[in-house]
Structures are given as C-alpha cells and as structure tokens.
Amino acid sequence: MRLSELTTLRIGGEAERFVDATETDEIMQTVLEADRVGEPWLVLGGGSNVLVGDDGVEGVVVRVATRGIERLPDAAGSRRPIRLRVQAGEPWEALVDHTVRQGWSGVEALSGIPGSCGAAPIQNIGAYGQELAESLIAVEVLDLDSGERATWPAPLLELGYRTSTIKQGRRAVVLSIDLALGDEDARSRPVRYAQLADALGVEIGDSAPLKGVRAAVLSLRASKGMVLDPDDPDSVSAGSFFTNPIVSEAFARTLPAAAPRWAQQTEAPARAVPLGAEPAPPPPAVEGTVKLSAAWLIEHSGIRRGFCLGASRAAVSRKHTLALVNTGGATAAELAELARYIQTRVMSEFGVVLHPEPVFVGVEL
Ligand SMILES: Cc1cc2nc3c(=O)[nH]c(=O)nc-3n(C[C@H](O)[C@H](O)[C@H](O)COP(=O)(O)OP(=O)(O)OC[C@H]3O[C@@H](n4cnc5c(N)ncnc54)[C@H](O)[C@@H]3O)c2cc1C
C-alpha cells in the first residue's frame, strides 16, 4: 500500500506491511505483537496531519478504522452534560455533524476538520476559538509502556496548543475518546473568534444557533481551502503547516507594531500548602508570552500565496499562507524544501523559528 493513497497531501512511499483495522482487538494485537518483536509500527487515521517520506515506512502501518458513537448513561440524578464515547476511527466530521444535529454544543466550531476522532487528542485540534480540550473528559488507550488497555482522564494527556503527551512521544494508541457536551436548546458555546462572530452577526461572547455556527465555520474554512474538497486543489494539504510561534513579550516588542499578537495566560498554577505550614512567598513574576501569527510573518517575509520554488510541485496555497499544497505529483522532499525555505525567510527577517505542525514520518526538515 502506498501511503500517498492514505494521506491528504497525497505524498508518501510504500508501507512495508499494512493492516486496515476495523476492530479494536485487531489494532491492539497488531501493535502489541509488532512492539514485542521490535517491528516498527505507525498508526494512521485520516492521514491529514502527516508528511510521509518518499522511501516509505518500515514495519507495519495500522489504519485505525473502528467506528461507533455511543451515548453513555447520564450520571445518576443529573440530566447533563451529554456524555459520548466515540471509537477512534470515526471521522471527526461525522461526529461534529451528529452532535450539531442532536443539538449538543462543544465541538461546533471544530466543524470541517478532517481526520479521525482518535487523532483529535494527539494535537488537541482547535479552530475558530474552540479546542478539543474543552470537551474531552477521557481517552481509552493501549498504553505501550504497560502493554495494557487503560482509561486516562484527559489531564493525563497534558493537552496544550496543538500538542499532547502522545505527540511529545508517550507511546500510546487512542482506542476511543469520551466527550462531555452541552445541551442548551441547540445553542452554541460562546463565540470567541472575531471573524466567526462577524460572519454570524453576533458579539464575541454571545451564543448562536448551532446549525448556523457549523454552516458559518464550514463556509469560512472552504474560502481558505481548509475543508477537504476533491474539486479544490488548494485543499491537497495537511492543513496549517506551521504553528503560531509563542515568544516572550520582550521579544515581541522588537517586532514591527503591525505584527498581530495575542497575550497568553500567565497565571502561576495554584499550589497546595500543607496544614500548619507557612505559605511560601509567591514565585517571582513570570514574564508573559505572546502568540504571533505565523501567516503574517510568512507574508511579511516576502512569501505570497501561490509561491513555489522554481519548477517544484509543492506550493503555498493560493487561499491560505499557512497551508502548503501538493499541486500534483510533489514529493516529500519538495514539500520539505519549501518548508525549510519559508523557515529560513522568516528567521532571517524576524528572528522567529517556525515549528511544523504535522508529524513527520521518514522525512526531516
Ligand atoms: C484541509 C485541512 C485542514 C485542517 N484544519 C485543522 C484545524 O483547523 N485544526 C487542527 O487542529 N488541525 C487541522 N488539520 C490537521 C488534521 O486534520 C488534524 O490534526 C487531525 O486531527 C488529524 O487526524 P488524522 O486522523 O488525519 O491523523 P493522521 O494524520 O492519520 O495522524 C496524525 C498523527 O496522529 C497519530 N495518530 C493517528 N491516530 C491515532 C490514534 N488512534 N492513536 C494514537 N495516535 C494516532 C499518527 O500516528 C500521527 O502521528 C487540518 C488538516 C487538513 C488537511
């Protein structure tokens, strides 16, 4: 099986061995057995957040294709929240569509994100002011350190901006995810993203009908090539190729005033004081950090939408500066070359390192 057939970038060489796993037991047995004999393994969902090398993948690739959305019993005596258990191979878009039709809130602004539910916690998917962490309560995993199936409460994943412990290297396969959703007369969670609020004609912090939020998000995303569409060549990507850089306030002050920036939370974590002990003095003030716009930095380092290097078949999307697209027959090497070029331009213009968002398999920047 060529991985270019399983990835949204349509890039990637042959898998040495391939298993399409429609049962949880099959996922577990394949990965455990490979791990036991030292065979490399890779789990794949929708292939929408990976750049796979042209030489292919050693060992076994397990495509997670388990399906199912199940409503869990309500906690005794309470009506809410709605709790769902979703199998890892269920497409994320199918889940969002289902929840919005049912009138349940919590993931409506994540409409249109490709990929599987099992991969959603890996980088804590987020968009339009919402992220998975707000709704995820637990995951069931195959924990490769213990070799056991386990339920991890969401905090164990340490979900952050496009990251989790699994993305950082903890060896686990997500088998299912548990979500807690709201049920407030088919109204959304407060809208937090200015462009979405504008599209809906509401103020930031207001709620709106769920179906309206989903439609507005899908339309905004389509205008940026950010929904998979066989008729849109600008959607042959892995979504945003770079994360928004987070830098110190002091460094951000050295950037042009026009560079967009958003202050990050700086509150020190609450600390428990043992009974009878004197509270320790407060820690020294931590300097704040700010998130920058990777798209602004790329554009202002001179790289326009549609840009490509010479005859390369990898290009910047014509609809969104942050997405790199395969314009037809591009190799992983071409994609990586373009990404490195962009990193170099942004570094030399602004001194900022851009970090890639997708997971690299058999290819390096
Ligand atoms: C057009 C487009 C738009 C996008 N927009 C967004 C966006 O708005 N916000 C956003 O956050 N992301 C976005 N993405 C990125 C991507 O859709 C998400 O990261 C998605 O969650 C990836 O799911 P997947 O099943 O395709 O993962 P894959 O690409 O198959 O895998 C990604 C990583 O997760 C691992 N993985 C997959 N399944 C499992 C599992 N069950 N257990 C453990 N590890 C697993 C893989 O090994 C790999 O390391 C976009 C991508 C595209 C192509």
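Trainee: Let's start with a pairing: which residue in S14 is the bridge partner of Ile-246?

Mentor: Bear in mind that we're looking at a predicted model. Strand S14 (residues 289–292) pairs with S12 in the antiparallel sense, over three bridges. Within S14, the residue that bridges to Ile-246 is Lys-291.

Trainee: Okay, and why is one side of S12 and of S13 left without a neighbour in the sheet?

Mentor: The sheet is open and has three strands in the order S12-S14-S13, with antiparallel pairing. That puts S12 (246–248) and S13 (261–263) at the edges, so one side of each has no neighbour in the sheet, because each has a single partner strand.  On average, neighbouring strands here are turned against each other by 35 degrees, direction ignored. So the reason is that S12 and S13 are edge strands, each with a single partner strand.

Trainee: What about the sheet with S1, S4 and S2: is the pairing parallel or antiparallel?

Mentor: This one is an open sheet too, with its three strands in the order S1-S4-S2. S1 (15–21) and S2 are the edge strands, so each has one side without a neighbour in the sheet. The twist from one strand to the next averages 20 degrees. As for the sense of the pairing, it is parallel.

Trainee: Which helix packs on that sheet?

Mentor: First look at S2 and strand S4 (residues 57–64), which pair over four bridges, with Val-61 in S4 as the bridge partner of Leu-42. The helix we want touches S1, S2 and S4, and its direction makes about 165 degrees with that of S4. Covering residues 24–37, it is helix H1.

Trainee: Now the ligand: which strand gives the most to the shell around it?

Mentor: The ligand is surrounded by 34 residues, and the closest are Gly-45, Gly-46, Gly-115, Gly-118 and Gly-239. Three strands, S2 (41–44), S7 and S11, each supply at least two residues of the shell. The one that gives the most, with three residues, is S2.

Trainee: How many charged residues does the shell around the ligand have?

Mentor: Go through the classes one at a time. Nonpolar residues number 20 and polar ones 14. For charged residues, the count is none: there are no charged residues.

Trainee: Is Tyr-128 buried or exposed?

Mentor: Find Tyr-128 in the loop between strand S7 (126–127) and strand S8 (130–131). Tyr-128 isn't a glycine, yet its phi is positive, about 50 degrees. It has 24 C-beta neighbours inside 10 Å, and the cut-off is 20 or more, so Tyr-128 counts as buried.

Trainee: And how does Ala-186 count, given its C-beta neighbours?

Mentor: Ala-186 lies in the loop between strand S11 (172–181) and helix H3 (194–200). Here again a residue that is not a glycine has a positive phi, this time of about 60 degrees. With 17 C-beta neighbours inside 10 Å, Ala-186 counts as partly exposed.

Trainee: Last residue: how many other C-beta atoms lie within 10 Å of Leu-354?

Mentor: Leu-354 is in the loop between helix H7 (332–350) and strand S17 (359–361). Leaving aside neighbours within four places in sequence, its contacts include Phe-242, Pro-245 and Ala-294. Leu-354 is buried, and the number of other C-beta atoms within 10 Å is 25.

Trainee: To finish, what distance separates the centres of domain 2 and domain 3?

Mentor: The chain is divided into domain 1 (3–64), domain 2 (69–223) and domain 3 (229–263 + 287–365). Taken over C-alpha atoms, the centres of domain 2 and domain 3 are separated by 26 Å.

Conventions:
Residues numbered from 1 in each chain as written. Predicted model: local features only at pLDDT ≥ 70, side-chain atom pairs only at ≥ 80, totals over all residues. Buried ≥ 20, exposed ≤ 12 C-beta atoms within 10 Å, placed from the backbone. Near = placed C-beta within 6 Å. Nonpolar A, V, L, I, M, F, W, Y, C, P; charged D, E, K, R; others polar. Domains from an automatic or database assignment. Pairing = 2+ DSSP bridges. Axes fitted to C-alpha atoms, helices over the stretch in contact; angles between N-to-C directions. Contact = placed C-beta atoms within 7 Å.
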